[in-house]
Amino acid sequence: MEKLKAWSALGGTTPIEKPGSLGVFEGRTLDVRFLDEIARTYGVSVMLFFEEDLARTRTLESVQQEFAPVGEFERPFIAVSSFLAFTRENDPSFEQTMREFPLMVEIVTVGETCSPGGKIVPYVAGLMPFLDEMDADVTPSH
């Protein structure tokens, strides 16, 4: 109920305008921790994609349907909260690394989708940086 109140209090009237009032819009690059905060505070479904083609050319609903039988950690996308929980659990230095080198995610789509229960839910789809891009960001230059 608190998330619904928080969502309703955002500026704008559409599922694109409301996240936009927080600075979340297509083409923007944002810290993954900020995206998690939006998911927790406003009840927005934030999905992180590892494959650019899926993120840019398919609807969230079609990708979720296609990969429904696949385990959460074997899919080419993951909920931001699951990604962060898994990473924190498996990498004790994660928080320190994020402070030094924030993980920046490109926002590909902002809209709404239908939950498995039939409820309309606002969502944000982000594209994770490729490993070579991440390495370039943290590799010291000579």
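Which two strands form a hairpin with 5 residues between them? In this predicted model, the answer is strand 4 and strand 5. In the turn sits Gly 118, with a positive phi of about 90°.

I will stay with strand 5 for a moment. Strand 4 covers residues 104-114, and 8 bridges join it to strand 5. These two strands run antiparallel. To find one point on that ladder, look for Val 110, whose bridge partner in strand 5 is Val 124.

Strand 5 also pairs with strand 2, over 5 bridges, and here the sense is parallel. One residue to look for is Ser 45, which stands opposite Tyr 123 in strand 5.

Is strand 5 enclosed or open? Of its 8 residues, 7 are buried, so the strand is largely enclosed by the rest of the structure.

Next, helix 6. This helix runs over residues 80-90, and its buried residues are Val 80, Ser 82, Phe 83, Leu 84 and Thr 87. What lies over them? The cover includes two helices, helix 3 (32-42) and helix 7 (94-100). It also includes strand 2 (45-49) and strand 3 (77-79).

Take Ser 82 from that list, a residue of helix 6. Its relative accessibility is 17%, and because buried means under 20%, Ser 82 counts as buried. Leaving aside residues up to four places away in sequence, Ser 82 touches Glu 72 and Phe 73.

Now the charged pairs. How many salt bridges does a search of the whole structure find? It finds 6, and I will go through some of them.

Start with Asp 31 and Arg 33. They form a salt bridge in which the closest N and O atoms are 2.5 Å apart. Asp 31 counts as buried, at 15% relative accessibility, whereas Arg 33, at 24%, counts as partly exposed.

Then Arg 40 and Asp 36, whose side chains meet in a salt bridge at 3.0 Å, N to O. Both residues lie in helix 3, 4 residues apart, which is about one turn of the helix. Asp 36 has a relative accessibility of 6% and counts as buried.

The next pair is Arg 56 and Glu 106, with their side chains meeting in a salt bridge at 2.8 Å, N to O. This pair links distant parts of the chain, 50 residues apart: Arg 56 belongs to helix 4 (residues 52-57) and Glu 106 to strand 4. Arg 56 is partly exposed, with a relative accessible area of 40%. Glu 106 is partly exposed too, with 25%. Nor does the pair stand alone, since salt bridges that share partners join Glu 52, Arg 56 and Glu 106 into one network.

Last, a pocket. Rolling a probe the size of a water molecule over the atoms shows where empty space is left. The second largest pocket here has a volume of about 210 Å³. Its lining is made of 10 residues, and those nearest the centre are Leu 4, Tyr 42, Gly 43, Lys 119 and Pro 122. Two elements give two or more residues to this lining: helix 1 (2-9) and strand 5 (120-127). By class, 7 of the lining residues are nonpolar, 1 is polar and 2 are charged.

That brings us back to strand 5. This strand forms the hairpin with strand 4, pairs with strand 2 in the parallel sense, and gives residues to the lining of the second largest pocket.

Note on methods:
Residues numbered from 1 in each chain as written. Predicted model: local features only at pLDDT ≥ 70, side-chain atom pairs only at ≥ 80, totals over all residues. Heavy atoms only, no water. Buried < 20%, exposed > 50% of the residue type's maximum accessible area, 1.4 Å probe, protein only. Contact = heavy atoms within 4.5 Å. 1 Å grid on protein atoms, 1.4 Å probe; cavity = no way out; pocket = protein on both sides within 12 Å on 5 of 7 lines; lining within 4 Å. Points joined across faces, edges and corners; volume = space filled by probe spheres on them. Nonpolar A, V, L, I, M, F, W, Y, C, P; charged D, E, K, R; others polar. Pairing = 2+ DSSP bridges. Salt bridge = Lys/Arg side-chain N within 4 Å of Asp/Glu carboxyl O.
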